[in-house]
Amino acid sequence: MQLLHAPSSPHLSLRSSNAQLRGLLTVKSSSLFAINVSFRPRRGHNLTWTSYKRAILSSSEARAASLEAGASEASTGTAEDDVLKALSQIIDPDFGTDIVTCGFVKDLQIEETLGEVSFRLELTTPACPIKDMFEQKANEVVAMLPWVKNVKVTMSAQPAKPIFAGQLPAGLQTISNTVAVSSCKGGVGKSTVAVNLAYTLAGMGARVGIFDADVYGPSLPTMVSPENRLLEMNPEKRTIIPTEYMGVKLVSFGFAGQGRAIMRGPMVSGVINQLLTTTEWGELDYLVIDMPPGTGDIQLTLCQVVPLTAAVIVTTPQKLAFIDVAKGVRMFSKLKVPCVAVVENMSHFDADGKRYYPFGRGSGSQVVQQFGIPHLFDLPIRPTLSTSGDSGMPEVAADPLGEVAKTFQNLGVCVVQQCAKIRQQVSTAVSYDKSIKAIKVKVPDSDEEFFLHPATVRRNDRSAQSVDEWTGEQKLQYADVPEDIEPEEIRPMGNYAVSITWPDGFNQIAPYDQLQTIERLVDVPQLMGQL
């Protein structure tokens, strides 16, 4: 028996399941991909479960012929090469890369004389919407090898370490993705979306927490019904132990025994900071933050305390709602937080075989078009959606196969996919290539890639150690930086900058926007081709 390891994954991975909630929400894979419920991405392209499945199948089938043609030559290569080559036909549609290159293939064991192959597919999230399809295709492509008689595939997901864990308060260091649900306007259903999104993600197999950041009017105590309705303190660690409902961890000022807060802004910011950072969240795949209305101190505090992975914007069809939502989108844009989806709540209702739009149409589409947010989801007016919020049972748990649950299922898939892409972009946006002694910068959401001389980057530092804050005089001189200087470490800081550690111990904060303005190296591709 030979134990082989495929290349390690460049992606941060997750692991866990929520058995209690999954029993309520999970749809069997045999029917999951038959659901053809579409949402509206940008530029009018519909992405459905069926088309998402087709993205994998087409890439696999396109390579199947070449695999069969080369089957007779299998003896010239090793067995492990045959298996990895077969598995490389399967493309992850999120990353556009095959699962071998992604590092998903683990614990490959081959008994060639018996024709037995076993391996594990370690995905980047337990909430992967196409994990069943990965398992099916992996079985099929390996079984096509002429010498293979038996294939055993097991599925798993590896716990992820946050990209910038070392820079966070202790309570936030084991949270992989933080998703803000925001509207900047009260009464549009933001809390309803936040709670149902959280329980949808939990039903997909993720470990999830909800943080109710509205101290003045906390909604979470009404929308869920935990057995223990009071937060507890750990006297030794002086930390907060969250309450829990159906496997999802919950923190709200409403569970602090104080009701609604009557206090000034600076005090509220301090309370939110304490609740968020001193809670023992444990390992979470997604922390959903129900943001309070507005774009003031509280919102800025949240964005600065925790590196938000992404934001979901909630609006209603009225023009007034769009005006307030636009302020929130601009705030997230300035803070470099990607807005990945828009949910237009109370968009329509159906009666007498017709669809009615009582509040007009177009607010959600206007947000998508004006700000380039890629996905739009419509939530209908449903009495059950309102009733479930008042009863303490989220709608996606009360009716997991209903129309509302299907919409949230698509929203959950969108959030999982977009968070994975964002994390990959952030973790690989800036790196150092020792072979050519250059810093490589890949601009997110584009194919642009360029190279910078390390010494040039170091000389362009704009911190107080390099530039006088009062006079603007350059304190770091050109000759102070050696031409052959090399960075010791490059780490992402949120979605807006990287921290570069230099040999002299200096940590330079380099925003992506600044890196794009620095003088670039030319003819680097030609140089790489000669190496």
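Gln 109 finds its bridge partner, Ser 118, over in strand 6. That pairing belongs to a hairpin in this predicted model: strand 5 (residues 105-111) and strand 6 (residues 116-123) run antiparallel and are joined by 5 bridges. There are 4 residues between the two strands, and in this hairpin Gly 115 takes a positive phi near 70°.

A second hairpin turns up further along the chain. Strand 20 (residues 430-433) pairs with strand 21 (residues 438-442), again in the antiparallel sense, over 4 bridges. Here Asp 433 has Ala 438 of strand 21 as its bridge partner. This hairpin also has 4 residues between its strands, and the residue with a positive phi is Lys 437, near 55°.

**Unusual backbone angles**

Most residues other than glycine have a negative phi. Against that background, Arg 238 catches the eye, with a positive phi of about 55°. Met 246 does the same thing, also at about 55° and also without being a glycine. Both sit in loops: Arg 238 between strand 10 (232-234) and strand 11 (239-241), Met 246 between strand 12 (243-245) and strand 13 (248-252).

So which of the pair is buried and which is exposed? Arg 238 has 67% relative accessibility, so it counts as exposed. Met 246 has 10%, so it counts as buried. The cut-offs behind those calls are over 50% for exposed and under 20% for buried.

Here are some buried residues side by side:

| Residue | Relative accessible area |
|---|---|
| Met 246 | 10% |
| Cys 339 | 14% |
| Cys 414 | 1% |
| Lys 137 | 7% |

**Cysteines**

How many disulfides does the structure hold? The count is 0. Take Cys 414: the nearest cysteine sulfur belongs to Cys 419 and is 8.8 Å away, so no disulfide is made there, given that the two sulfur atoms would have to be within 2.5 Å. Cys 414 is also buried, with a relative accessible area of 1%. Cys 339 is buried too, at 14%.

**Helices**

Helix 4 (residues 79-87) has these buried residues: Ala 79, Asp 82, Val 83, Ala 86 and Leu 87. They cover an arc of only 125° around the axis, so they end up on the same side of helix 4.

In helix 5 (residues 131-143) you'll find Lys 137. Despite its charged side chain, Lys 137 counts as buried, at 7% relative accessibility. The C-alpha atom of Lys 137 is 9.2 Å from that of Gln 89, and the two residues are 48 apart along the chain.

**The second largest pocket**

Now for some empty space. Rolling a probe the size of a water molecule over the atoms shows where it is left. The second largest pocket has a volume of about 440 Å³, and 24 residues line it. Nearest its centre lie Gly 187, Val 188, Gly 189, Thr 192 and Asn 345.

What is the make-up of that lining? It divides into 7 nonpolar, 11 polar and 6 charged residues. Helix 6 (190-203) and helix 12 (383-391) each supply at least two of the lining residues. Helix 12 gives the most, with 4 residues.

Key: Residues numbered from 1 in each chain as written. Predicted model: local features only at pLDDT ≥ 70, side-chain atom pairs only at ≥ 80, totals over all residues. Heavy atoms only, no water. Pairing = 2+ DSSP bridges. 1 Å grid on protein atoms, 1.4 Å probe; cavity = no way out; pocket = protein on both sides within 12 Å on 5 of 7 lines; lining within 4 Å. Points joined across faces, edges and corners; volume = space filled by probe spheres on them. Buried < 20%, exposed > 50% of the residue type's maximum accessible area, 1.4 Å probe, protein only. Arc of directions from axis to C-beta.
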